[in-house]
Every structure is written in structure tokens, then in C-alpha cells.
Amino acid sequence: MPTDLRGHLDGLLLAALAEAPGHGYELSRRLTHRSGGALAVNEGSLYPALHRLERGGLAASSWAVIDGRKRRVYRLTPAGRRTLEQSRREWRVFSAAVDRVLG
Amino acid sequence: MTIDGCLAALGDALRVRGVARRRFLRECRDHLVDAAADRGEAEAVRAFGPPDEIAAAFDAEIAARRGIRSTVLSAAGVAATGASTLALVHSADPGTTAPTVWAIVFFVAAQIAAVSAGLAVLQALATRRLEAAPAGAALLARRNGCGLLAAGLTMFAAGAALPGHGSASILLAGPLLVCAAAIAVLRAGALARRLPGSHAVAVRSPLDDLRQLTSLPLPSLAPDRLLVITVCVAGAAAFARDLGEDGRVGQAAVVAAIEAAAVAGCWVALGPALGLRRR
């Protein structure tokens with residue numbers, strides 16, 4: 001069953017961007033592929049989140065021609081990379097704690 | 001629903017206008033076209049999600065972005081107006097004494113400008129990477145607007161009280177930047193006020209923002225306790241400053257009492273608008 005992503009979307013998008021720059025649909029496919037389809041999100045909600053990452057200086061974007069079509073491509077900034085590392089550390093601590101409780 | 005129907009519903013629900021709207025709709029169209037090629041139109045539209053929810057999230061995001069940009073401009077406007085006001089004061093005719101009323105307006109407005117701008121900058125820094133509620137964006141616009149108005153009033157009071165001959169370009173730099181910032185603030189505030197939830201009460205302590213920014217173990221204080229501490233600090237600072245300048249304890253105590261009363265009065269009058277206390 002797909003899991004609700006609200007609250008984790010920014011971190012997951014940063015992880016998808018760390019793989020390579022990409023446009024919104026490409027990032028959506030990466031999230032689905034890397035989670036084996038277990039993580040579900042309304043795909044339209046990726047765009048407000050991507051704009052939020054851009055506002056915070058964690059991602060940058062520009063128009064690029066891909067397969068003959070003009071697309072808005074997002075890429076990770078150095079600040080985004082640092083935030084991703086921090087998110088990974090925090091998630092490991094959190095998940096380890098939950099693992100210990102659940103057994 | 002078809003792709004065109006989904007995009008039309010999205011466009012109807014969006015409140016933001018201009019470049020941001022066009023870019024967002026273009027990105028959504030590209031996404032839906034790609035998804036439809038992979039999975040079919042009906043599944044692409046279903047997976048995209050409810051247009052009204054997505055539009056609301058995007059509107060809130062743009063309101064937050066405009067709020068932060070206008071805060072940068074406002075802080076620069078308040079600082080530049082401060083510099084222009086200092087230039088005005090230094091270019092006053094020698095021997096001119098400011099009337100008491102204008103002197104009071106000058107000092108009170110200057111402090112309101114500094115406090116409002118400080119609150120707005122703290123809020124903008126603390127929320128620059130977070131999801132922003134429309135009420136928060138509306139509060140940021142109010143703090144910026146209050147800072148700009150007070151900065152303008154400060155300079156007006158100085159100009160009215162102290163006639164002189166200063167450099168026009170230096171004197172006009174501050175007010176011009178304030179005008180540019182005011183346009184940005186009005187635009188950000190207008191969008192924020194159109195969003196659902198923007199009229200909810202927003203109380204935001206500067207200590208909470210400072211704690212988030214610095215990770216210092218600052219306490220969470222109720223508004224009335226924050227007022228007491230602010231009044232004590234402002235009164236003590238006024239006492240120390242006046243004692244250092246004049247050397248008379250009695251007069252310094254009177255100045256400290258006036259400062260404390262002014263801070264308390266401003267808190268009562270402007271506290272709800274600046275998000276420091278509930279109405």
C-alpha cells in the first residue's frame with residue numbers, strides 16, 4: 001500500500017535531485033522507481049515543493065530543451081546537498097529509534 | 001477528466017497571476033502530457049491530484065516567496081531611510097532645536113521602524129525554507145508595511161523639525177527605496193490576503209524565530225511576560241544612555257519611565273498587527 005509522503009517530500013525530492021538534475025516528471029518517476037512504488041504522492045504537489053526548495057536556495061532551475069521540448073530542469077545547489085546530508089543523518093537517528101521501540 | 005479539463009480547473013483555482021502562474025501551468029501541462037504518454041490520460045490526471053489542493057499549495061508558496069523578497073527590500077528601505085534621516089539631521093541649520101512634538105514622533109517612529117523591520121527579518125529568515133501558512137504571509141506583509149510607514153514618518157518628523165540644506169540625492173535615496181519596497185509589500189500582502197486562512201490570528205514570538213535560527217536554548221514566553229521583559233530592557237537602556245549623556249539620576253529615571261511607557265503603549269496599539277499578542 002502506498003505510504004503518505006507529506007512531511008518528507010522536500011527531503012525525498014532533494015535525494016532524487018542528488019542523482020542528477022531533472023524536470024518534474026522525471027523526478028516523480030525517480031521517486032516511484034526508487035521506492036518500488038511504495039511511496040505515493042499527488043504528482044501535482046511536487047511543483048509547489050520544487051518551488052519551495054528553490055525559494056530556500058536548496059535547488060535551482062532553468063529552462064532546457066530535452067527531446068526537442070523546452071522543460072524546466074531542477075538541480076541541487078551546494079546548500080541543498082548539505083541539507084540532504086543533514087536530513088539523512090536525522091532520518092537514520094529517527095528510524096533507528098523507532099526500530100528499537102517496535103522491535 | 002481530461003488534461004485540458006484538469007489544467008482549466010487548476011487555472012480557475014489559482015489566485016496568483018503573472019510569470020509564476022504561467023510557468024507553473026506550463027510545468028503542469030508538460031508533466032501531464034508525459035504521464036499520459038506513459039500511462040494514459042485518465043491515469044495521468046488521477047495521479048496528478050485534485051487541482052484545487054495543488055493550486056492552494058502553489059498560491060501559498062508564491063505568497064511566501066513574495067513575502068521574503070519584499071522583506072529584503074523593506075529591510076534595505078528602512079536602513080536607507082535611516083541613513084537619509086541621519087544625513088538630514090546633520091545638514092540641519094546650526095542652532096536649530098526640534099519642537100518637542102516632532103522630537104517625540106521622531107524617536108517613537110524610529111523605534112517602531114527598527115522593531116517592525118527586525119521582526120520581519122527574523123520571521124523571513126526562520127521560515128525561508130518551510131511551508132508557509134497564508135496567515136504567516138499576511139503577518140509578514142503587515143510587519144513590513146508597519147516598518148516602512150514608521151521609517152517614512154521618522155524622516156518626515158526629522159525634516160519637519162529641522163530645516164536645513166542637504167544633498168538631494170542622499171536625502172531621496174531612502175524614500176525612493178521605501179517606495180519600491182512598499183510596492184513589493186502591497187503586492188505580497190494582496191496575494192496573501194486572497195488566500196484561504198489568511199485572516200486567522202497569527203501570533204509569532206521573535207524568541208521562537210531566534211531559537212529556530214540559532215539553536216540557542218531560548219525560553220518560550222507568553223506575550224505578557226515578553227512585554228514585561230521588553231519594557232524593563234528598554235527602560236534600563238534609556239536610563240543608562242541618559243545617565244551617560246547627562247549624569248543626573250533623576251532625569252535619567254524620568255527618561256526611562258517615558259521610554260517604558262512608550263514601549264508599553266506601542267505594544268498595546270501595534271501588538272496584534274505585528275503578531276506579538278492576540279487582540
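1. What percentage of the 103 residues in chain A do buried residues make up? The figure is 42%. Buried means under 20% relative accessible area, exposed means over 50%, and partly exposed lies in between, with a 1.4 Å probe and protein chains only.

2. A note on provenance. This is a predicted model, in which local features need pLDDT of at least 70, side-chain atom pairs count only at pLDDT 80 or more, and totals for chains, interfaces and linings use all residues; side-chain values use heavy atoms, with hydrogens and water left out. Residues are numbered from 1 along each chain as its sequence is written, while chains are lettered from A and ligands numbered from 1 in the order in which they are written.

3. Fold of chain A. There are four helices and four strands. Their order along the sequence is β-α-α-β-α-β-β-α. Helices (H or I, at least four residues) and strands (E, at least two) are DSSP runs, numbered from the N terminus. The C-alpha atoms fill a box of roughly 50 × 30 × 20 Å along the principal axes.

4. Contacts in chain A. Take the contacts with a separation of 6 or more: residues 24 or more positions apart account for 47% of them. Contact means heavy atoms within 4.5 Å.

5. Surface and charge of chain A. The exposed area is about 5,700 Å², and carbon and sulfur atoms supply 56% of it. Areas come from the Shrake-Rupley method with a 1.4 Å probe; for residues, only the protein chains shown count as cover. Chain A carries 17 positive and 10 negative side chains, and the centres of the two sets lie 5 Å apart. Lys and Arg count as positive, Asp and Glu as negative; His and the chain ends are not counted. Each charge is placed at NZ of Lys, CZ of Arg, CG of Asp or CD of Glu.

6. Asp67(A). This residue sits in the loop between β3 (59-66) and β4 (69-76) of chain A. Its phi is positive, about 50°, although it is not a glycine. With a relative accessible area of 78%, Asp67(A) is exposed.

7. Ser215(B). Here too the backbone deserves a look. Ser215(B) has a positive phi of about 60° and is not a glycine. It lies in the loop between α8 and α9 of chain B. Ser215(B) is exposed, because its relative accessible area is 63%.

8. The second largest pocket. It holds about 1,200 Å³ of space. Of its 41 lining residues, the closest to the centre are Phe107(B), Val108(B), Gln111(B), Glu259(B) and Ala262(B). Elements giving two or more residues to the lining are α5 (100-127), α6 (134-161), α8 (206-214), α9 (223-246) and α10 (249-270) of chain B. The largest share, 14 residues, comes from α5(B). On a 1 Å grid over the protein atoms alone, a pocket is an open set of points where a 1.4 Å probe fits, with protein on both sides within 12 Å along at least five of seven lines; lining residues have an atom within 4 Å of a point. Points are joined across faces, edges and corners, and the volume is the space filled by probe spheres set on them.

9. Ser74(B). This residue is in helix α4 of chain B. It counts as buried, because its relative accessibility is 2%. Leaving out residues up to four places away in sequence, Ser74(B) touches Asn144(B), Leu148(B), Ala181(B) and Val185(B).

10. Asp93(B). Its place is the loop between α4 (51-90) and α5 of chain B. At 30% relative accessibility, Asp93(B) counts as partly exposed. Beyond its neighbours within four places in sequence, it is in contact with Pro163(B), Gly164(B) and His165(B).
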